[in-house]
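Here is a report on one protein model. Keep the sequence and the 3D view open while reading.

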Amino acid sequence: MSDVAERSLRTRAARSVDALRRSFIDNLFYLTARSFEKATPFDFYTALAFTVRDRILERFITTGENYKRSNARTVCYLSAEFLLGPHLGNNILNLGLRDNLDEALSKMGLDLETVLQQEQEPGLGNGGLGRLAACCLDSLATLEIPAIGYGIRYEFGLFDQVIKDGWQMEVTDAWLRDGNPWELPNRQRRFPVKLGGHTEQYHDEHGRLRVRWKSGCTVYGVAYDTPILGYGVINANLLRLWKAEAHDSFDFQAFNLGDYYGAVEEMVVAENLTKVLYPNDEPEVGKELRLKQQYFFVSCSLQDMVRMTLRDLGDLSGFPDKFVAQLNDTHPAIAIPELMRLLVDEHEMLWEQAWDITRRSFAYTNHTLLPEALETWPIDLFQRTLPRHLEIIYEINRRFLDEVRMNFLDDEQRVMRMSLIAEEPVRRLRMAHLAAAGSFAINGVAALHTNLLKTTILRDFHDLWPGKFSNKTNGVTPRRFIALANPPLARLIADTIDGDWLRNLDSLRRLEPWADDASFRARWREVKQAAKQKLAAYIGHATGIAVDPASLFDIQAKRIHEYKRPHLNLLHIVSLYWRLKNSPDLEVAPRTFIFGGKAAPSYHMAKLIIKLIHSVAEVVNRDPQVNQKIKVVFIPDFNVTNAQRIYPAADLSEQISTAGKEASGTGNMKFSMNGALTIGTLDGANVEIREAVGGENFFLFGLTASQVQERLNTGYQPWQVVDNDPELRHSMDLIDSGLFSHGDRQLFAPLTGNLRGHDPYLVCADYRAYLDCQDSVDAHYRDVEPWTRMSILNVARIGRFSSDRAIREYAEEIWRVQPVRIKA
């Protein structure tokens, strides 16, 4: 590097208050073309983002050069979702620039928090799956593990949720409207992706039978790179997202002939591939688009990995030593036949060697126990879209089933169950089976979930390959969900215990003795109260509803799905409302019930639940007999930004899914990390959270997973439960009466009718235990000092639920990778 370049680098990467101020002014002028006086709030955000990015890029380039020299094995995290959240605050935290930037901006009359709020959050995920991927990237960089996250650069995210007359409305999430200062377009990384067409057999020069794929069309994937910083280290890993484009964006000949649509048709068709996260897959064209999306991003990613392997090693025999690819659920499972295609068809490798490389390269994380959520594809659709891959899958399946037959003699029922192809009622490709057959490791994401995997949906695979299975309980990053979301709590912790607790969350154990210190408990309550006041102000701004920060904040914020049982929560609210109407002097702790979450656009029952939440809120909140004791609010557009407001303010965390249905959950961890107590079932990671924080600091209710299964197997009849519980029956009758629907008795009939007649998630069965447990919550909350002690102990004992612990387990037990330290 020249002396001039070094001086320029030192200037652009300088960290002093004065250097940061100068960089900010330069970026404001030269990148937004605005003077300070004419700049908008978003201009200030843009200038600050590029000021911070300048200081990231030095680390990013240095890290890449060091990783290449070390030739260390690299983790490639393949995920259809990366729900990153806002970048600016996280990058400032990880660079350690908060104090200096605060001072630099304040000298110019600007407030850092106000600038941070201008950022448009990238909505590149639906919920837990995408947020888990983001936490993993954070921890991989923090633990100095070479890693690349591969995904899709969706032009439009999931959707922005707007509530109109109590109903969810979906609005386009145009997160790229004003540009994205954090990404680096990398047109050198552009790969062709074939789709459709047919295959042809031929013989190569050695007389070997080969297959050639004649595609129907070809699109191209272009890389957009985002640096992912570690905390307290120099390392900056890579998130590479792929955007689809046509070979030629404009057909000049067609335009001259007057075919104006035809002139851009190729571009439109190609760009539709990465237009939107999770297109509606109810129509056939939606299914086809989702399949193409999944194949597109894994093909680009694998071609990129093959390129780097050939560059560094010279041939592909060492591919599994160069890379290990983690499949984040089944969305990227098409990577298995795609790597086989690249090795066998493109690089003329023999099948046996290619299959050995493939099976040593992939590991699979399962994220669901719901049979309906296990991804499958109709064979005819797959044949039309990826004809060569279907041939490869048939061959994988033939060889795999021969292995099953050898291990389980004369057991054709098992063979049918394990086949990659389901034959009835319609032939479909089972992606979980493909992922299991083509991976060297399979893991669940909570101890209960992993045990259920072994005994239910993947039982046959566990019988065949017990050594493949392990548990890796999820974790979340404390950098975003404590330090960034809850700075007052982070400061209190830092003032109380020594050491770098944000890199070693187990050190929170040293808070335990302070739970018995009255003055510390008082400071703890001050922190919680400040967070509640902040959320109350936001609720007032977002909904127009005034809530009391002194009330118990009872929060259920997560994706809206029946198995997560927000309607059980609602039945408690309706029951409490009825109790207060009949006994106005009933002593209860004032409580604010807070909901948040999005329903899938085509999930009609979930949308009806959102409507019922708003309808109950409308009645409760305007009833002067009860609204001083209870209120109900729904915070619209639950995303990472809003989550960072919500988690610190919670007193009670609702984790009430049907036991055996939630794989893990991560919201339960984020609430606990911020001092909320949990009311929950023994489901997902709740089991381990309860073990960690102590049963006396967790409000447990409900059937266990085995009891749920037994109840269903013996003929569960929910109408009998309703008839035998007068309070439950009356609460459901109130909903049916039209009280919450302006006299419309039919509006919520699909919901109450489903509960009475079917109740697949055993809401009625757990109702009485849930209400009794809520009565216990009420009594405990009114005893302030013990409640505060329980809150402190939840935080002190939550250390094992850091994503750093989870990633360390993956690295040591599955990936077999070593950290690469970058020196300053």
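Which elements each supply at least two residues of the lining of the largest cavity? They are α4 (88–95), α7 (128–142) and β8 (217–229). The model is predicted, and residues are numbered from 1 along the chain.

**Cavities and a pocket**

The structure holds 8 cavities of 30 Å³ or more. The largest cavity has a volume of about 170 Å³. Its lining counts 15 residues, and Leu 84, Asn 90, Asp 138, Ile 228 and Arg 480 are the closest to its centre. Helix α7 gives the most to this lining, with 4 residues.

The second largest pocket holds about 620 Å³ of space. It is lined by 27 residues. Gly 64, Leu 238, Arg 240, Met 308 and Arg 311 are the closest to its centre. At least two lining residues come from each of α3 (41–70), β2 (147–152), β5 (184–195), β9 (236–245) and α10 (284–313). Of these, α3 gives the most to the lining, with 7 residues.

**Strand β1 and its partners**

Strand β2 also pairs with a covered strand, β1. Strand β1 spans residues 74–78, and 5 of its 5 residues are buried. Both faces are covered. Thr 74, Cys 76 and Leu 78 lie on one side, with Val 75 and Tyr 77 on the other.

Two parallel partners of β1 can be traced. Strand β10 (residues 323–328) pairs with β1 over 5 bridges, in the parallel sense. Leu 78 has Leu 327 of β10 as its bridge partner. Strand β2 is joined to β1 by 4 bridges, and the two run parallel. Here Tyr 77 stands opposite Gly 149.

**The six-stranded parallel sheet**

Further along the chain, 6 strands form an open sheet with parallel pairing. Their order is β19-β18-β17-β20-β21-β22. The edge strands, β19 (630–635) and β22 (698–700), each pair on one side only. On average, neighbouring strands of this sheet are turned by 20 degrees against each other, direction ignored.

Within the sheet, β17 (residues 552–557) pairs with β20 (residues 652–655) over 2 bridges, in the parallel sense. Ile 555 stands opposite Ser 653 in β20.

Two helices lie across these strands. Helix α23 (residues 566–582) lies across β17, β18 (591–596), β19 and β20. It runs at about 155 degrees to β18. Helix α32 (residues 763–781) lies across β17, β18, β20, β21 (677–680) and β22. This helix runs at about 155 degrees to β22.

**A small antiparallel sheet**

Another open sheet has 3 strands in the order β12-β14-β13, with antiparallel pairing. Its edge strands are β12 (376–378) and β13 (421–422), and each pairs on one side only. Strands β13 and β14 (residues 428–430) run antiparallel and are joined by 2 bridges. Ile 421 has Leu 429 as its bridge partner in β14.

The bridge partners named so far can be set side by side.

| Residue | Partner | Partner strand |
|---|---|---|
| Leu 78 | Leu 327 | β10 |
| Tyr 77 | Gly 149 | β2 |
| Ile 555 | Ser 653 | β20 |
| Ile 421 | Leu 429 | β14 |

**Cysteines**

How many disulfides does the structure hold? It holds 0. A disulfide needs two cysteine sulfur atoms within 2.5 Å. The sulfur of Cys 217 is 13 Å from the closest cysteine sulfur, in Cys 300, so it is too far for a bond. Cys 764 is in no disulfide either, with the nearest cysteine sulfur, that of Cys 773, 18 Å away.

Is each of these two cysteines buried or exposed? Cys 217 has 33% relative accessibility and counts as partly exposed. Cys 764 has 2% and counts as buried.

**Around Val 721**

Cys 764 is also one of the residues in contact with Val 721. Val 721 has its place in helix α29 (residues 718–724). Its relative accessible area is 19%. The cut-off for buried is under 20%, so Val 721 counts as buried.

Which residues does Val 721 contact, leaving aside its neighbours within four places in sequence? They are Arg 711, Tyr 716, Leu 728, Cys 764 and Ala 765. Val 721 and Asp 766 are 45 residues apart in sequence. In space, they are 9.8 Å apart, C-alpha to C-alpha.

Key. This is a predicted model: local features need pLDDT of at least 70, side-chain atom pairs count only at pLDDT 80 or more; totals for chains, interfaces and linings use all residues. Side-chain values use heavy atoms; hydrogens and water are left out. Buried means under 20% relative accessible area, exposed over 50%, partly exposed in between (1.4 Å probe, protein chains only). Two strands pair if DSSP finds at least two bridges between them. Axes are lines fitted to C-alpha atoms, for helices over the stretch in contact, and angles run from 0 to 180 degrees between N-to-C directions. Contact means heavy atoms within 4.5 Å. On a 1 Å grid over the protein atoms alone, a cavity is a set of points where a 1.4 Å probe fits but cannot get out, and a pocket is an open set with protein on both sides within 12 Å along at least five of seven lines; lining residues have an atom within 4 Å of a point. Grid points are joined across faces, edges and corners, and a volume is the space filled by probe spheres set on the points.
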